[in-house]
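Biologist: Please pick a single part of this structure and give me a close look at it. After that, I'd be glad if you worked outward to its surroundings, one step at a time.

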Amino acid sequence: MHLSSSPSEAGLDGVPAFEELFRRVVRAHADALAVASGTRSLSYGQLDEESAVLARAVMALGCPHDQPVAVLT
Amino acid sequence: MRPVVVLDPAMPVDRLATILELSGATTVLADRANEVVGRDIGRAHSTVLLVEEMLAERSDSVAVEVSAPDPAWAAAILFTSGSSGRPKGVVWSRGLIAFDAMATAERLHLRTGDRVAMPLPISFAAGLLVVVAALVSGASLHLRDPRRVGSRDFLRWTASERATLLPTTPSLLRGLVRAMEEGEVLADLRVVSACGEPLFSRDVNSVRPHLSRDCLIVGWFGSSEGGSLAFIDYAGNDELPDGAIPAGTANLGRTLAVWDGDDKPVASGTAGSVVVISRITASGYWRDPARTNERFTALADGTTLLRTGDIGQLDDSGCLRLLGRSEAAIKIGGYFVDPSEIEAALLALDSVAEAVVVAVTEDLAARLVAYVVPAQGSRTPSVAQLRASIAAKLPGWMVPTHIVLLPTLPRNERGKVDRAQLPHVSARQVEPLLTVMEEEIASVWRGVLAMDEVGRFDDFLSLGGDSLAVEEMLIRVEALTGVAVSTSDFTEAPVLGEFAQRVEAARDSGRRTSTVTVTLRHGDGHNDGGPAVICIAGAGESAIAFLPLAALLPESFSVVAFQARGFEGRAVAEWSLERMARRRARSIRQLQPAGPHILVGHSMGAILAVRIAQLLESDGAEVSLVVLIDPFVNETAVGRSRRARRRRQERSRGERPSDEVGWRALLLKAKVTLVLPFAGVLQFRPGRQQVLFFHQGTLISHWHRPTPWAGRTLAYRTRDNMDPIGVWEWLLPGEHQVRDFACDHHSVVRDPYIGVIAADILDELAMIAGNSASAPTRSPSSGAAS
């Protein structure tokens, strides 16, 4: 991944969305370990899947799109 | 696209609830371990979704696709300390997160396959950035909270996970280094970063021996408002600057500048305000346009000007060096703290009348000192209690390291608090714990004192423990270690390391001490008959109630205290005040045969002190001073006969007796009286034990008939004291001084009132010494001649 090192060239517009950056890694390393906490661990593929499940469940609640969601884990 | 608010379960529930409310979130995603907290903070108006249940109910529906998300949309809200006494939310856009995920990954040298040991909370900027940077790099995140598991465990785990990257804060790094054994090397680490507060060359030097030669140390400067702002790298052999490590050179996409008071750039090497000019900053404060406009300014070219609040200087190569803060908000352990938020939390307590919190900065590292004036209407809080109350509401780094109780705050002529006049508090070095017993004792001390860290050279009382805290600590130590620890074990060794040795010695010998006499301090002059102060505890009061007094007297003084028999350990309680007085007088004669004696008594102990003084004097010993702290003289038989006389007079005038005791109070008294014969023989829980002895004491005083004491006396009364002044004048026909305190009966033996009493005692003793020195020597022969 290469980024322009000149502050004037780099900007918000030149960078893909975070989901896109994440998916690139998922496509390339789906089986690689992404997160380990306590006894639980997830590969990039599993993390992608599980985060999508949670996102869908939150969207299904139908609350306004700019309303924050709190995470307590 | 809903912004996420990451809540740190390690934070107090009150604060989480405040953050949730300020964010406006009505949905909380919680795992099972945090379900209860989630429901608690959500109160009635939010839904708690269980992550485990959501994952179990997954269906194979379509993937989430959002059409052309706008980079300006809010993605996360980070809550930090705010000046209005409430946390403030900093809004991070999708654009900022995506950009800084990549930029931070690059500057932290993250690579695919890196294993990141992650100790930082994700609810803050640095933690969130490490997570996103790792996830766009193909690295793995290994999460473990050293606040929960301790430094030692965290280090073992870091080694066993073969972590290659370790992001830290300087204070966390110092804690880890302290816990490392000599020769211990975390050989797999490639990069150790530190962010959030100044990193010093000595920090780098102290961690280097525990890293491989190739490991890079990266200084990382950033903020919630600006994201990652600057970085600096030190390879294993790089020479280090004197003192603090610079913040470094600007992150991608950022221009760092140093401005003067007129917003003009200053020459390189000159100090000024640090500003960031960039298209990549936070979007502002959540639902707070006024505050946003104060700090963020949109410039004509589409960039944003952000005032960081830091003072710094740039060198010719564009390397930024930070010199301090330009505003009230300071950084503690890497977190922004606004002292006014802590003041607000203190002032919300009933027991606090006034509070000022200042940050004392030494070597660029700040610590918080709170100055508190107790409220007069309620029981004066101990420092440990204050700390516990604050810790229930604020995160650990906002709890002041030092809390100083003052009778009043120093103010200047305009009535503002004169900060220069506030007493200085010196920094505390936390010395690492060595033995298992020290670790065990430390765990108890941390709990009782509500402190994050205690070291082996720490003194329990200097950390804010009062007599009640000592009692609680001793009980908990006994419960944890199974060793019966006496008050003397503690008072003779109030420093953690020594105390741990005492407990160990007690465990090994299996001894059990039960004492009435507790040596609070062996004075320097102990062996050559130096001054000794004898303290007599009140009913239901432990001898350690006098520790604050002992601490205030000069070191040449020995201080010994008496407590009720059976207070510690089993013994038949004493039932006659006269018998108690005779026993104490005998013990005192053994301790210090000739005197001169200085007696200090509190509550029933003061009544006892008068009687002991009389016994000592009739026995030929000299009593130089008696100090009576809030005795209820009228509760003794003397008061009873006076009251009976008055009641007879009132009745004879046909009036209702003015101080008739209600039947309810009598019934209560009767209830306690039922268990009283067992006081001391059966050991009750500490609170009940005190109540029992208190009632036993009041009953004993009730039957005791004091006689006037003509010796030199200092006497103190609190607002709980209902004695008519006449009864005191009757009791003290000699030279005496009576002072009134607007506090309660129990608080009077503690800070700040005990300070006044100690000063009075020293004045009085100096006067006595002066008189005897200046008075013409009366030898027996000259006496005979006159």
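Modeller: Happy to! A ruler comes in handy at the start: the expected span of a helix is 1.5 Å times one less than its number of residues. Please keep in mind throughout that this is a predicted model.

My pick is helix α5 of chain B, residues 125-137. With 13 residues at 1.5 Å a residue, α5(B) should span 18 Å, and since its end C-alpha atoms are 18 Å apart, the expectation and the model agree. Next comes its environment. A residue counts as buried if 20 or more other C-beta atoms lie within 10 Å of its own. By that test 11 of the 13 residues of α5(B) are buried, so the helix is largely enclosed by the rest of the structure. If you want to click through the buried ones, begin with A125(B), A126(B), L128(B), L129(B) and V130(B), then go on to V132(B), A133(B), A134(B), L135(B), V136(B) and S137(B). Just after the helix comes G138(B), with a positive phi near 80°.

One residue of this helix leads us outward. A126(B) belongs to a nonpolar core of 113 residues, whose members also include L16(B), A244(B) and W286(B). That core lies apart from the largest one, which has 117 residues. In the largest core, F546(B), L599(B) and A609(B) touch the most other members, and helix α19(B), residues 604-618, gives the most to it, with nine residues. L599(B) is a nice place to look around: beyond its neighbours within four places in sequence, it contacts I534(B), I536(B), A609(B), I612(B), A613(B), V623(B), V626(B) and V627(B). As background, nonpolar side chains in soluble globular proteins tend to be buried together.

Stepping back to the whole chain, chain B has 786 residues, of which 46% are buried, and it contains 25 helices and 30 strands. Of its contacts between residues at least 6 apart in sequence, 68% join residues at least 24 apart. Chain A has 73 residues, and 22% of them count as buried. Its two helices and three strands follow one another as α-β-β-α-β.

Now to the early strands of chain B. Strand β2(B), residues 27-30, and strand β3(B), residues 47-50, pair in parallel over four bridges. T27(B) stands opposite T47(B), and A30(B) has L50(B) as its bridge partner. Together with helix α2(B), residues 35-42, these two strands make a right-handed β-α-β unit.

Here chain A joins in. Strand β3(A), residues 69-72, runs parallel to strand β1(B), residues 4-7, and four bridges join them; V69(A) has V4(B) as its bridge partner. β3(A) also pairs with β2(B), again in the parallel sense and over four bridges, with V71(A) opposite L29(B). So much for the strands; the contact as a whole takes 41 residues from chain A and 58 residues from chain B. On the chain B side, the largest share comes from helix α4(B), residues 94-107, with nine residues. That side of chain B divides into 37 nonpolar, 14 polar and seven charged residues.

Finally, a few loops of chain B deserve a visit. S603(B) sits between β27 (597-602) and α19, and its phi is positive, about 60°, although it is not a glycine. It is buried, because 30 C-beta neighbours lie inside 10 Å. D263(B), in the loop between β13 (254-259) and β14 (272-278), is another residue that is not a glycine yet has a positive phi of about 60°. With 13 other C-beta atoms within 10 Å, D263(B) is partly exposed. E555(B), in the loop between α17 (547-552) and β26 (558-562), is exposed, with 11 other C-beta atoms within 10 Å. From P531(B), E555(B) is 24 residues away in sequence and 10.0 Å away in space, C-alpha to C-alpha. The last stop is P752(B), in the loop between β30 (736-740) and α24 (753-774), where the peptide bond from D751(B) to P752(B) is cis, with omega near -5°.

Terms used
Residues numbered from 1 in each chain as written. Chains lettered and ligands numbered in written order. Predicted model: local features only at pLDDT ≥ 70, side-chain atom pairs only at ≥ 80, totals over all residues. Contact = placed C-beta atoms within 7 Å. Nonpolar A, V, L, I, M, F, W, Y, C, P; charged D, E, K, R; others polar. Pairing = 2+ DSSP bridges. Core = buried A, V, L, I, M, F, W, Y, C linked by C-beta atoms within 7 Å. Buried ≥ 20, exposed ≤ 12 C-beta atoms within 10 Å, placed from the backbone. Right-handed = clockwise from strand over helix to strand, strands pointing away.
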